[in-house]
Structures are given as structure tokens and as C-alpha cells.
Amino acid sequence: MSRCPSRGTLDAFADGQLGDHEAAQVATHLDHCPMCEGYLRQLDPLDDVLAALDAPEPPPDLLAAVRAGRRPRRRLALRIGMAAIGFALVSAGISSAASDPAIAAWVRLALVLLDDVTARPVVLRAAVGGVLIVSTAALALAARRLAPVRRGALP
Amino acid sequence: MRALEILEHPDDEARLIARAADGDPSARDALASRWTPRIYRFAWRLLGHDQDAQEVAQDVMVRILGSLDRYDPSRKFSTWVYAIARNACIDEQRRRIRRPSAPLVGERPDPAPSPVMRVFEARRADRVREALDALPAKYREVLVLYHFEHLKYVEIAEALDLPLGTVMNRIFRARRRMRDLLGEEDAP
Ligand SMILES: [Zn+2]
């Protein structure tokens, strides 16, 4: 649609009254016609209503961090922490889970817990991560001591 | 208004992006200054959480500035940026899936003592925010992109990688829901 739709068509479009095909034609026209776009926007009562919802100004150190190319600290710490814990869990899992369903279940539970704590404060995440590493390592060690025969029996 | 300023000078922005991609520090700074606040506000409106919005904005902007060479100039820069930002917001939401849904109301820092009009405005803003928060995420994101980020229907379809018809349907439905939600509250 290269020519502007009639005002009636635009009004019908705003009300969602047009059929799919015609509505798509109007929407495509709006992509390169600032006049029709502007008409529809000033027609839209929601625009005024939503204008009440001002987002806060971003803190100045946010822009400074972006300019310096720094990734968010929490994310970086999180990624390193998760990688370490994941590695510990996977190696514990490989070394013992195959022969011990209890440990397999623990590894699964630990992964669920890990997923949950990613939303928590840093201190809590670090604490839970530490507990998970230590307990998984202890479990893996115990399993290795308790089940040498079972493991030996595997092909 | 920043959004319109950029849309009015698409050529300027294309040049700026090209220079930034070549490593021009002043162009990169300019791009960061233009886009960081927008992405922050966008994330704040979708997530309703100040700290999360800051982290998403920082992460997204650093990633974007680091991968400008992968930007395809045949696409609009804004739709590329919003697509990345929106995916980052979805990841953030997934990450905190078990956290009780963040209240949008009361997240604005310092409700300083204010004259009657400002109290009135703040209450109105709270109601709008509650209504927006009550929308399903798929409706909220199209409304935020259309009304706050001033993207057009076609651009939203591109940013969300959705058919144009789906985007229009979602916007129409989202609008109707907003009207119902806000209308209900007006009733005595
Ligand atoms: Zn037109």
C-alpha cells in the first residue's frame, strides 16, 4: 500500500476492526509513513495513560560501566561460580552417579538448588555454592569408599 | 524525546554505528550514551526491578558494543538492540522464576515528599504500573515496545521475530486488557 489509507481505515485499524490482510497492509504502510503513524499515535488514548509511567533515570555509574566495557559483577561472579560448581557436580556425577542412584538424585537436586539461588543475593549464592561443592565432594568420596566392589564389577 | 531524535536522523545513527564498529572511541561513547538509558528503561518496564534492569542494561550494552561487527546494517539498529535486550530480560525472568514476581509498584526510588499534584500523578502511575504488571509477559512486551520505545508494528515483528499479524493481534488485545484493567479501577 503506497498511498495513505483513508482516515476511516486508520480508525478501524486502531480499533482492531480490520481483517488480517488489510491490517497487515496498513501496518506495512505505517512503517514508512510518519504522517499516518503520527495520526494513529495521537489518536491512541493509551499513549497518554502510559505517559504517567515514568521509568527512573539510570544511575550515572551504569553508563560509566558500559563505557568501560565492564560486564555486571554479579553476572561475572555468578558465571565463574556456576562453572566451578557445575564442574564439581559433573565430575562427581561421572565418578559415582552411574553406580549410585542416591548420588545421582543428589546431583539432580543440587542442580535445581543452583538454578534457584541464581536469583538470590551474592552472599547467599556463595554460601549455598560452597555447601554444594563440599557436600557433593564428600558424597562422592564416601561412595567411592563404600562401593569399590560394585564399581569393579562394572564392565 | 530521545527515541524520536534517533528516528529523525537514521543516517546519523548509521554513520555513528559504522564508526563505532571501526573502533572509534568517541562514536562508541556516543552510542553508549544514547542507548544505555533506553535499554535500562526498557528492562525496567519489562522486569519491574531496578537492580535487575541495571544489570541487564549493562550486560546488553557491553555485549552490543563488543559485537557491532556482527550487526547487519540491512536491519534497523533499534530492532537488533531490542531483540538482544528482550532476550536478556527473558533470561533474567527465567533466572528468578521462583522469586515471587517482582512488584512494579514501589520500585521507584525515593518517593520524596511532594505537592498534591505529584501525589496524584504518583498514584496514577502506580495504577498504570499495576495494570501493566497484570498483563501476561507477551502482551506487556509489545505494549512497552510500541508505546514507550516507539517502535512500529513492523519493527516489533522484526525485533520479536514474530509474524506481523501476531504482533498486531497482541497489541490490540493488550490494549483492550489495559483499558479493562484501568477502567475497572475507575469504577466505584
Ligand atoms: Zn500514510
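How many disulfides are there over all chains? The count comes to 0, with a disulfide taken as a pair of cysteine sulfur atoms within 2.5 Å. Keep in mind that this is a predicted model.

**The zinc site**

Some of the cysteines have another role here: the zinc ion is coordinated by the SG atoms of A:Cys4, A:Cys33 and A:Cys36, together with NE2 of A:His29, at 2.0 to 2.4 Å. The angles among these 4 donor atoms run from 105 to 113°, and the site is tetrahedral. Along the chain, the donors of the zinc ion follow the spacing C-x24-H-x3-C-x2-C. Within this set, A:Cys4 and A:His29 link distant parts of the chain, 25 residues apart. A:Cys4 sits in the segment before α1 (7-14) of chain A, while A:His29 belongs to helix α2 (residues 20-30) of chain A.

How exposed are these two residues, and what about a cysteine of chain B? Here are the values side by side.

| Residue | Relative accessibility | Class |
|---|---|---|
| A:Cys4 | 42% | partly exposed |
| A:His29 | 2% | buried |
| B:Cys89 | 2% | buried |

A:His29 counts as buried because its 2% relative accessibility is under the 20% cut-off.

**Where the chains meet**

Now for the interface. Chain B contributes 52 residues to the contact and chain A contributes 46 residues. Between them, chain B and chain A bury about 4,500 Å², with 58% of that on carbon and sulfur atoms. Charged side chains take part too: 5 salt bridges are found across the interface of chain B and chain A. There is also a salt bridge between the side chains of B:Arg41 and A:Glu57, at 2.8 Å from N to O.

Notes
Residues are numbered from 1 along each chain as its sequence is written. Chains are lettered from A and ligands numbered from 1 in the order in which they are written. This is a predicted model: local features need pLDDT of at least 70, side-chain atom pairs count only at pLDDT 80 or more; totals for chains, interfaces and linings use all residues. Side-chain values use heavy atoms; hydrogens and water are left out. Donors are N, O and S atoms within 2.8 Å of the metal (3.2 Å for Na, K and Ca); water is not among the atoms, so sites may look incomplete. Four donors count as tetrahedral if all angles lie between 85 and 135 degrees; four count as square planar and six as octahedral if opposite donors are over 155 degrees apart and all others between 65 and 115; anything else is irregular. Helices (H or I, at least four residues) and strands (E, at least two) are DSSP runs, numbered from the N terminus. Buried means under 20% relative accessible area, exposed over 50%, partly exposed in between (1.4 Å probe, protein chains only). Contact means heavy atoms within 4.5 Å. Buried area is the accessible area (1.4 Å probe) that two parts lose on being put together, summed over both. A salt bridge is a side-chain nitrogen of Lys or Arg within 4 Å of a carboxyl oxygen of Asp or Glu.
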